[in-house]
Amino acid sequence: MQFLRDRKIYTRLGALVAALAIAAFAAADTVETVQAGGIKFEVHVGSRTANLFHVVDQMSEWSQYCHKQYGRWWTKTYGPYSDEDRQLLAEYSEVRKRKGWGGGLEQSLYVSADLDQALSDAVSAGRLTQSEADTERKVLLHFAPGIDKLTEELKDAGDAFLAKLRDKKEDLASFAAKAGRLFGTKSIDVPVFLIPDPDDNSRGGGFNGGVISLEIPPKTDMFPILLHECFHAFINPKKDRLNEVVKGVDGLDEETLNEGIAYAIAPGLLHDSGRVDPLRDEALYDVKQGKQLGTDSYMRFHWYALALRPLVQEALDDPNATLDTFLPRAIDAWRVLNDLPIGSLAVKGG
């Protein structure tokens with residue numbers, strides 16, 4: 001009987017410690033508004049719910065656009081996925097594929113609320129079924145101890161990036177003025193979630209469901225990638241226009257046009273000072289890997305961005321340029337690119 005009483009005490013203590021740990025992570029969530037001209041960011045650092053969602057989302061590799069450094073980090077730190085790990089990631093992927101990009105999970109889990117509250121709110125709002133919410137809870141909590149540790153280890157990187165944003169308000173305002181004028185979007189008001197990233201060689205972000213997620217490594221300058229994602233926020237209200245202009249253009253779709261412009265901005269025009277021309281390097285690497293323009297999304301984005309870069313620079317600098325004057329030139333650039341033998345172009349230096 002004494003053993004049973006002690007076991008109950010230990011169980012309660014364990015539950016208390018777990019609750020305190022969750023509360024500590026919740027308390028660590030910093031939310032700050034950064035206003036710079038036509039850009040308004042609600043910046044979140046240390047959101048446990050957002051970090052759990054983002055890291056598991058990438059580890060699941062449910063989409064070709066998932067960032068694989070998180071899976072590499074997990075297996076390097078904790079060993080190969082167990083059978084249970086793989087089963088849970090598969091269950092997660094089933095839910096994620098049904099929802100797709102921007103289909104409800106981003107709006108539900110890139111939040112400051114704790115996981116239970118976030119999932120409850122998502123069910124109430126009709127973004128998730130109760131079964132889907134239960135799956136999300138089960139999978140995210142399974143991987144939580146490792147992700148919580150990563151969050152704690154890289155918290156300083158997120159805080160440092162937030163401090164950088166405060167110092168970069170003038171640059172943000174200048175970008176907002178040019179992008180807003182060119183794309184006809186006067187201002188954006190976007191939540192930004194800074195996610196810990198263990199790999200200094202990666203530069204990842206996303207704009208989905210009206211939310212910017214930005215992966216913050218310990219040392220890499222992610223400000224140019226933030227501007228890349230800002231572009232998506234500025235152009236998002238014009239997606240119908242992009243879909244309209246690509247109709248009947250061989251090999252071109254809205255996604256390629258959208259991403260081509262974004263990559264032309266960063267890392268095409270804007271990139272960290274330690275790299276000479278990362279966009280060109282990525283395009284040449286695609287060729288060396290034997291990728292094909294017609295079948296590989298990233299190759300299309302990189303090479304189209306190279307073709308668009310001078311046009312984007314000119315349009316951003318020209319006070320009279322608009323989306324309507326820019327798009328016909330962008331379509332012509334694609335047609336020229338689509339007719340070129342990319343391999344020989346790369347050998348000549350791009």
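Biologist: Hi! Which residues have the most contacts inside the largest nonpolar core?

Modeller: Those are Phe41, Leu226, Leu257, Leu308 and Phe326, in a core of 70 residues. Keep in mind that this is a predicted model.

Biologist: Thanks! And which helix gives the largest share of this core?

Modeller: That would be helix α14, residues 297-317, which supplies eleven residues.

Biologist: Let's look at Leu226. What is Leu226 in contact with, leaving aside its neighbours within four places in sequence?

Modeller: Leu226 is in contact with Phe41, Phe161, Leu165, Val192, Ile212 and Leu214.

Biologist: What lies apart from the largest core?

Modeller: Another core, this one of 33 residues. Leu52, Ala118, Leu140 and Leu154 are among them.

Biologist: Why would such residues gather like that?

Modeller: As a general tendency, nonpolar side chains in soluble globular proteins tend to be buried together.

Biologist: Zooming out, how many helices and strands are there in the chain?

Modeller: There are 16 helices and five strands. The chain has 350 residues, and buried ones make up 49% of them.

Biologist: And what does the chain expose?

Modeller: About 16,600 Å², with carbon and sulfur atoms supplying 51% of that area.

Biologist: Switching to strands: how do β4 and β5 run, and how many bridges join them?

Modeller: They run antiparallel, with four bridges joining β4 (residues 205-208) to β5 (residues 211-216). Within that pairing, Asn208 stands opposite Val211 in β5.

Biologist: What about the turn in that hairpin, where is the positive phi?

Modeller: Two residues lie between the strands, and Gly209 takes a positive phi near 60°.

Terms used:
Residues numbered from 1 in each chain as written. Predicted model: local features only at pLDDT ≥ 70, side-chain atom pairs only at ≥ 80, totals over all residues. Heavy atoms only, no water. Buried < 20%, exposed > 50% of the residue type's maximum accessible area, 1.4 Å probe, protein only. Areas by Shrake-Rupley, 256 points an atom, 1.4 Å probe, with all protein chains shown as cover. Core = buried A, V, L, I, M, F, W, Y, C linked by side-chain atoms within 4.5 Å. Contact = heavy atoms within 4.5 Å. Pairing = 2+ DSSP bridges.
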